[in-house]
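Q: Please take a close look at one part of this model. I would like the sheet, its strands and the side chains they carry.

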Amino acid sequence: AENTTFAVQAYYYRKMDKDGFAGSNPNVDLGSTGLVADGNGRDVGWELDGILGYDYSKDVRCQLVYAAFFPLNAISQDGSNAADISAVAHEIRAELNVRF
């Protein structure tokens, strides 16, 4: 359709220092993930996003976003009951963008 778009975006995350922090901000991401720096490398991982957008009007856009994060060897999880850190993380979200 004329008002519908599909986009694919890819991001590669790499630490500046292999002993640096690799994780999320607990003040933004609804709590700490328990991720800690791992001295095995600087490659944090890949993120791949698929975005389906619909322009309702000139000022209103609806989007459905699917994101997947593929971790690499720069992070590990802290704690004895840690989950499998090599698992792919998935996120699906709907967005409504309005311009004034």
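A: What follows goes from the sheet as a whole to single residues and ring pairs.

The model is predicted. Mean pLDDT for the protein chain is 78, with 64% of residues at 70 or more. Confidence varies by element: β1 has the highest mean, 94, and strand β2 (residues 35-37) the lowest, 55.

Start with the sheet. Four strands form an open sheet, ordered β1-β3-β4-β6, and the pairing is antiparallel. The edges are β1 and β6 (89-98); each has a single partner strand, so one side of each lacks a neighbour in the sheet. From one strand to the next, the twist averages 20 degrees. Take the β4 and β6 pair: the two strands run antiparallel and share 10 bridges. At one position there, Val 65 faces Arg 93 of β6.

Now Gln 63. This residue belongs to strand β4, which covers residues 60-71. Is Gln 63 buried or exposed? Its relative accessibility is 16%, so Gln 63 counts as buried, the cut-off being under 20%. Its side chain has polar partners. One is the side chain of Arg 61, at 2.9 Å. Another is the side chain of Glu 95, at 2.7 Å. Beyond four places in sequence, Gln 63 has two runs of contacts to follow. Ile 51, Leu 52 and Gly 53 are among its contacts. Arg 93, Ala 94, Glu 95 and Asn 97 are also in contact with Gln 63.

Next, Ile 51, one of those contacts of Gln 63. Ile 51 sits in strand β3. Its relative accessibility of 13% is under 20%, so Ile 51 is buried. Setting aside residues up to four places away, Ile 51 touches Thr 5, Phe 6, Ala 7 and Gln 9. Ile 51 also touches Gln 63, Leu 64 and Val 65. Consider Thr 5 in particular. Thr 5 and Ile 51 are 46 residues apart in sequence, yet their C-alpha atoms lie 8.0 Å apart.

Turn to the aromatic rings. How many aromatic pairs does the whole structure hold? The search finds two. In one, the ring centres of Tyr 12 and Trp 46 are 4.8 Å apart; their planes meet at 50 degrees, so the pair is tilted. This pair connects distant parts of the chain, 34 residues apart. Tyr 12 is in strand β1 (residues 4-14), and Trp 46 is in strand β3 (residues 43-55). Tyr 12 is partly exposed, at 38% relative accessibility. Trp 46 is partly exposed too, with a relative accessible area of 42%.

The other pair joins Tyr 13 and Phe 69: the centres are 6.2 Å apart and the planes stand at 55 degrees, so this pair is also tilted. Here the separation along the chain is 56 residues, with Tyr 13 in strand β1 and Phe 69 in strand β4. Tyr 13 has a relative accessible area of 34% and is partly exposed. Phe 69, at 21% relative accessibility, likewise counts as partly exposed. Why is Phe 69 not classed as buried? Buried means under 20%, and Phe 69 has 21%, so Phe 69 falls in the partly exposed class.

To recap, Gln 63 in β4 and Ile 51 in β3 touch each other. Gln 63 is buried, and Ile 51 is buried. The ring pairs link β1 with β3 and β1 with β4.

Definitions and conventions
Residues numbered from 1 in each chain as written. Predicted model: local features only at pLDDT ≥ 70, side-chain atom pairs only at ≥ 80, totals over all residues. Heavy atoms only, no water. Buried < 20%, exposed > 50% of the residue type's maximum accessible area, 1.4 Å probe, protein only. Polar contact = N/O pair within 3.5 Å; in protein donor to acceptor, adjacent residues only side chain to side chain. Contact = heavy atoms within 4.5 Å. Phe/Tyr/Trp six-rings, centres within 6.5 Å; stacked < 30°, edge-to-face > 60°. pLDDT = per-residue confidence, 0-100. Pairing = 2+ DSSP bridges. Axes fitted to C-alpha atoms, helices over the stretch in contact; angles between N-to-C directions.
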